[in-house]
Amino acid sequence: MSLSATEPVVPADPPPAPGRSSGPVLFVVKLLETWRLERDDAIVLLGFEPSEEADRAYVRDLLDGRAPLIGRDARDRIACLFRIRQLLSALFRDEDAENEWLRENHRLLGDRAPMDLLRQGSMDNMLLVLEYAEKAAGW
């Protein structure tokens, strides 16, 4: 694989100290708690395959601070989730209301719930939920 002169080289994060996580990973851990999700939901949200034991093990190690966050896709997904959370937090200011909104069907999403779309794991669905959250928040 060759890199063009215009493509920046993004260095990999150094491995975290044992038991320590980066800010984006800490956000994911907190998001799972806030949105009342299981740790296994992080596998799909971060773009990994739940059927692959290596992916499951990596995400477990990541959330426990034993592995560095790698991959542009996972970083982009975390950024998208952060923006969704930021918008919903400003819109609702109440985690119960936010969780209800995430789990209820919305006509403009084809009578699907935002959380169901997120749990399907596609980046397209994540961007759709982001766009819908932006509209709901008046952006």
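**Charges and corners: a short tour**

Guide: In this predicted model, Asp94, Glu95, Glu100 and Glu104 form a negative surface patch.

Visitor: What makes the patch formed by Asp94, Glu95, Glu100 and Glu104 negative?

Guide: Asp and Glu count as negative, and the patch is formed by Asp94, Glu95, Glu100 and Glu104, so the label follows from the residue types.

Visitor: Why is Glu95 called partly exposed?

Guide: Glu95, which is found in helix H5 (residues 95-103), has a relative accessible area of 36%. Buried would need under 20% and exposed over 50%, so Glu95 falls in between and is partly exposed.

Visitor: Let's talk about salt bridges. How many are there?

Guide: The count comes to 11 salt bridges.

Visitor: How do you know that Glu98 and Arg85 form a salt bridge?

Guide: Their closest N and O atoms are 2.5 Å apart. The rule asks for within 4 Å, so the pair qualifies. Glu98 lies in helix H5 and Arg85 in helix H4 (residues 72-92), so this pair ties together parts that are 13 residues apart in sequence.

Visitor: Why is Glu98 called buried or exposed, whichever it is?

Guide: Glu98 has a relative accessible area of 1%, and under 20% means buried, so buried is the word for Glu98. Its partner Arg85, at 17%, is buried too.

Visitor: And what makes Asp61 and Arg66 a salt bridge?

Guide: Here the closest N and O atoms are 2.6 Å apart, and the limit is 4 Å, so this pair counts as well. Asp61 is partly exposed at 27% relative accessibility, while Arg66 is exposed at 53%. Both belong to a network of salt bridges that links Arg39, Asp61, Asp64 and Arg66.

Visitor: How do you know that Arg60 forms a salt bridge with Glu53?

Guide: Again, look at the distance: the closest N and O atoms of Arg60 and Glu53 are 2.9 Å apart, and within 4 Å is enough. Arg60 is partly exposed at 35% relative accessibility, and Glu53 is partly exposed with a relative accessible area of 46%.

Visitor: Where is Pro50, and why is it called partly exposed?

Guide: Pro50 sits in the loop between helix H2 (41-45) and helix H3 (53-63). Its relative accessibility is 36%, between the 20% and 50% limits, so Pro50 counts as partly exposed.

Visitor: Which residues is Pro50 in contact with, leaving aside its neighbours within four places in sequence?

Guide: Those are Ile43, Val44 and Arg56. Pro50 and Asp40 are 10 residues apart in sequence and 7.7 Å apart in space, C-alpha to C-alpha.

Definitions and conventions: Residues are numbered from 1 along each chain as its sequence is written. This is a predicted model: local features need pLDDT of at least 70, side-chain atom pairs count only at pLDDT 80 or more; totals for chains, interfaces and linings use all residues. Side-chain values use heavy atoms; hydrogens and water are left out. Patches are made of residues with over 30% relative accessible area and no salt bridge: like charges are joined within 9 Å, nonpolar side chains (Val, Leu, Ile, Met, Phe, Trp, Tyr) within 5 Å. Accessible areas come from the Shrake-Rupley method with a 1.4 Å probe; for residues, only the protein chains shown count as cover. A salt bridge is a side-chain nitrogen of Lys or Arg within 4 Å of a carboxyl oxygen of Asp or Glu. The place of a charge is taken as NZ of Lys, CZ of Arg, CG of Asp or CD of Glu. Helices (H or I, at least four residues) and strands (E, at least two) are DSSP runs, numbered from the N terminus. Buried means under 20% relative accessible area, exposed over 50%, partly exposed in between (1.4 Å probe, protein chains only). Contact means heavy atoms within 4.5 Å.
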